[in-house]
Amino acid sequence: MKKIFLAFYFLLSAFYLFAQDSSKIPLTHDVYESWKRLEKSKVSNDGKWITFEVNPQKGDGWLYIYNTENNTKDSVSRGYEAVFSPNSDFIAFKIKPQDKITRELKLKKKKKDQMPKDSLGIFFNNRISKYPELTSFLVPKENESWFSFLNETKDTVNKKDSTIYSHLNIVNPVKNKSYRYKDVNECVFSKNGKILGFISKIKNKKQDSLSVGIFDVDKEVSSILFRQTGTIKKLTVDDKGEQIAFLHTKDTNSVKRYGLYYLDIKTNSVKLIADTSTLGISDGWELSTNESMYFSEDGTKLFFQTAPKVMPEPKDSLLDEEKCKVDIWNWNDAQLQTQQVHDVEKEKRRTYLALYDIGQDKIIQLADTTMQDVKILNKGNGKIAYGTSDKPYQKLTSWEDATFRDYYSVNLETGERTLLKEKLKYYADFSPFGNFLLYYEPKDSTYHSYSLKDNREYILTKTIPAKFYDEEFDLPRDPEQYGIAGWTKNDESVLIYDRYDLWKVNPKNETTPVNITKIGRDAKTILRYVKLNEDSVCIPDNILLKAQNENTTFEGFYSLNLNSDNSLKELVMADYGYTEPIKSKKADRLIWYRFSYTDFPDLWTANTDFSIQAKISDANPQQSKYLWGTVELFKWKDSSGVEQKGLLYKPENFDPNKQYPMITYFYEKYTDRIHAHYIPNPSRSVINFPLYNSNGYVIFIPDITYKIGYPGKSGYNAIMSGTYALIEKGYIDKFNMALQGQSWGGYQVAYMVTRTNLFKAAMAGAPVANMTSAYGGIRWESGMVRQFQYEQDQSRIGKTLWNGLDLYIENSPLFFADKVETPLLIMSNDNDGAVPHEQGIELFTALRRLDKPVWMLTYNGDEHNLMKWPNRVDLSKRMMQFFDYYLKGAPMPVWMSEGVKATDKGLKNGFDLKK
């Protein structure tokens, strides 16, 4: 009997695959490690060179170097994190040790300092030079052909000295010049590349000291500018290479008090500008080493960090078992104890921004415990910054899905702050030059600006015949805004998005708002600004727009001149998805990824009008050997006659005259991902669409539009109506259909199986089973209570537990567990930081008590979506075995028929087919 059953299964499997393409083979779990990702693409400033990494999911990858002038390609095994020189004359990158060697040493339990280090690679004149034992490397941002790196080697001059030193190496491959300095542990280039500052140790018979030195790349000489015993940290150099700042202390205690030193390179003068006793440093405060320091772009200000003094811990006179350990929960606390415990290390390291006004020789504290966050505008060149505080409203965020903030202007010359607006809920930000505070007000669905110069508020979008909030918003709170593209020069105007178009709006209503794209709404094309110059604070006159047509699903790009009417020009629109392009700084060269469900996101390049496009990578040529699938937009009408839509993934060479098993997956809305490409990789929680298409499954993903208070029923209506519409097509095997979902989708699966027996099997990852107990549960990844999710966010109940108990019960699968007839596979992990593990346990134990077929996978120490590779592979295999058994008639695996006992954990996996 067993032989007959197995023969039938294999014949059935062969039918599904033969119906596709007999010259290709189906994907299996064995292909995961060979499939590669293409990432970290960059283009040189002159546009001649392009680099990108092609990395397998496990093992050694490759760095590719592409020459756009002659279309040639070089590669470096295990190369990564490439950086171009500002003059585009060399490329620096790291080279990893072989993965095989690293793995062998890990198996031998070698310590971190015994593991092999990276090397530095330099590509210059089509040749590669390598430097071993790399610690770090630097390439200046502008002008120069120098680079520096730190590596750990022996002293090459004194052969008798076997000590390993950290060496600073300064190299110019163009001039074939190099310099080396011993015992350097930190270095930094000025932005213009003229000066390299460094911290070095100077050994002395009596006492070692530390020094701050510089290397002048024009003169090719080094000099020591400061020398003292103690510790030096946080070295920084201004953009022009004329000023240096650092922290220094002579303290040898475990808790050190630092002084802030300022060094003028031109005059070779150094002075202490701040310590715990300096005017401007608050009583009981000190200089902090927890964050970096930086100069303003114009070099007139130095920004640094302060914090309340860290006090030495008192000597411990008690044994651990003699200490009381208790968390005190107080209803007046702004944050729950769980949030406080989660953030305790971050809070201990919290710093507060201050500045040193170099011209006035004055210290000014900007942030403090009442206004913790200060944002610097215009690269620090102006007289205004802005500050925010959420402290008065922290308690509200336990049930309000919004971060309320007060907004202040901060005078950088005096430190004086002015409260501008209180309790802003959604978007708020200052213009680049600090002239306006722009914010979205959900009460009247409009943007407002506040002029700091006029001390006056303006309502900007009230008269515009367009909606600036999400038109399809279906959460139980105020709709959110579409956002802004940015500001034009000198804060003259702001570009604001509606659903489709961009509006040019004067922040003081001095001119009439203008729809500068015009065609978006009529053409159902969403247009969004692409920032091509990362250093620019303003939007230029000529811009690139990314486009997505809702009707055709085509994507592409348009160009637009802000100062010319009717200048919108289509550059490319095609049945593909595109990433935002990256532009070379000094050349007419773009790079981007183009992709579809069937096309891997390979790298493309062209000029800025997209007239000459070229594909320059082929990361996964092996895909052509495997059966894949296709995707299409599927539309139908639900029971109310309303048109719905979803995505339908069909096996390659789909035959409408045959019938296929179908798995319905869902999570909110998915149709805008029609071009998304999915490589065959082990699942973190969701079925892999190409893997299942390749093995003869149809995948259906309906969009779900929710009615507040009825999330379960909303999902049910969309899923069931779409499924029945597909059954009517004739190519779906209605007796072999299943459901799969994760997190919110996992909840929907659990709800569905309490309401219908249409599906033969279901898999629910991280499901909420009982909204009444989950309501007061904790999201351990943040420490926040889950109440806000039900009252105002994804769970969409829209009421508190006590004001809407009937809705919480109606939408909770647990209370209807006795209705379940569908075999259910659950994944619920014990380190899930989003959905409490107890939710999975509640559902499993209820169904077990009712003698329903149910299994639960708990991956120890893993998260909401699996992070560990072995666990991901394991889940992928078990899900496919589960669905193959119910939908294809495959033999039942042992883990389903007999389970795996705790005593056999790690010894047996239960993948064997039932005997």
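1. How many residues does helix α7 have, and what distance does helix α7 reach from its first C-alpha to its last? Helix α7, residues 711-727, has 17 residues and reaches 24 Å between those two atoms, close to the 24 Å expected at 1.5 Å a residue, where the expected span is 1.5 Å times one less than the number of residues. Of these 17 residues 13 are buried, so helix α7 is largely enclosed by the rest of the structure; buried here means under 20% relative accessible area, exposed means over 50%, and partly exposed is what falls in between, with a 1.4 Å probe and protein chains only.

2. On the basis of the note: this is a predicted model, in which local features need pLDDT of at least 70 and side-chain atom pairs count only at pLDDT 80 or more, while totals for chains, interfaces and linings use all residues. Residues are numbered from 1 along each chain as its sequence is written, and side-chain values use heavy atoms, with hydrogens and water left out.

3. On the overall fold, the secondary structure of the protein chain comes to 14 helices and 56 strands; both are DSSP runs numbered from the N terminus, helices being H or I over at least four residues and strands E over at least two. The radius of gyration of the protein chain is 31 Å, which agrees with the value near 29 Å that a compact globule of 915 residues would have; this radius is taken over C-alpha atoms, and the globule rule is 2.2 Å times the number of residues to the power 0.38. Along the principal axes, the C-alpha atoms fill a box of roughly 90 × 75 × 70 Å.

4. On packing and surface, buried residues make up 54% of the 915 residues in the protein chain. Among contacts between residues at least 6 apart in sequence, 54% join residues at least 24 apart, a contact being heavy atoms within 4.5 Å. The protein chain exposes about 43,100 Å², of which carbon and sulfur atoms supply 48%; these areas come from the Shrake-Rupley method with a 1.4 Å probe, and for residues only the protein chains shown count as cover.

5. On charge, the mean positions of the 124 positive and 119 negative charges of the protein chain are 5 Å apart. Lys and Arg count as positive and Asp and Glu as negative, with His and the chain ends not counted.

6. Helix α8, residues 744-752, is mostly covered, since nine of its nine residues are buried. The buried residues of helix α8 include Trp744, Tyr747, Tyr751 and Met752, together with Gly745 and Gly746.

7. Ala761 lies in strand β52, residues 761-765, and counts as buried at 0% relative accessibility. Leaving aside neighbours within four places in sequence, Ala761 is in contact with Met737, Ala738, Leu739, Thr822, Pro823, Phe882 and Tyr886. For Tyr886, which is 125 residues away along the chain, the C-alpha separation from Ala761 is 6.5 Å.

8. Leu814 is found in the loop between α11 (805-810) and β55 (824-827), and is buried with a relative accessible area of 19%. Not counting residues up to four places away in sequence, Leu814 touches Ala769, Asn770, Glu842, Leu843 and Ala846; Leu814 and Glu842 are 28 residues apart in sequence and 7.5 Å apart in space, C-alpha to C-alpha.

9. Gly193 sits in the loop between β13 (184-189) and β14 (195-202) and, at 0% relative accessibility, counts as buried. With neighbours within four places in sequence left aside, Gly193 is in contact with Pro140, Glu142, Glu144 and Val217. Gly193 and Ala902, 709 residues apart in sequence, are 61 Å apart in space, C-alpha to C-alpha.

10. Is Thr252 buried or exposed? Thr252, in the loop between β18 (243-249) and β19 (259-264), is exposed, with a relative accessible area of 72%. The C-alpha atoms of Thr252 and Phe473 are separated by 58 Å, the two residues being 221 residues apart along the chain.

11. Two asparagines deserve a look at the backbone. Asn126, in the loop between β7 (119-124) and β8 (127-131), has phi near 65°, a positive value in a residue other than glycine, and is exposed with a relative accessible area of 55%. Asn378, in the loop between β26 (373-376) and β27 (384-389), has a positive phi of about 50° although Asn378 is not a glycine.

Definitions and conventions:
Charge placed at Lys NZ, Arg CZ, Asp CG, Glu CD.
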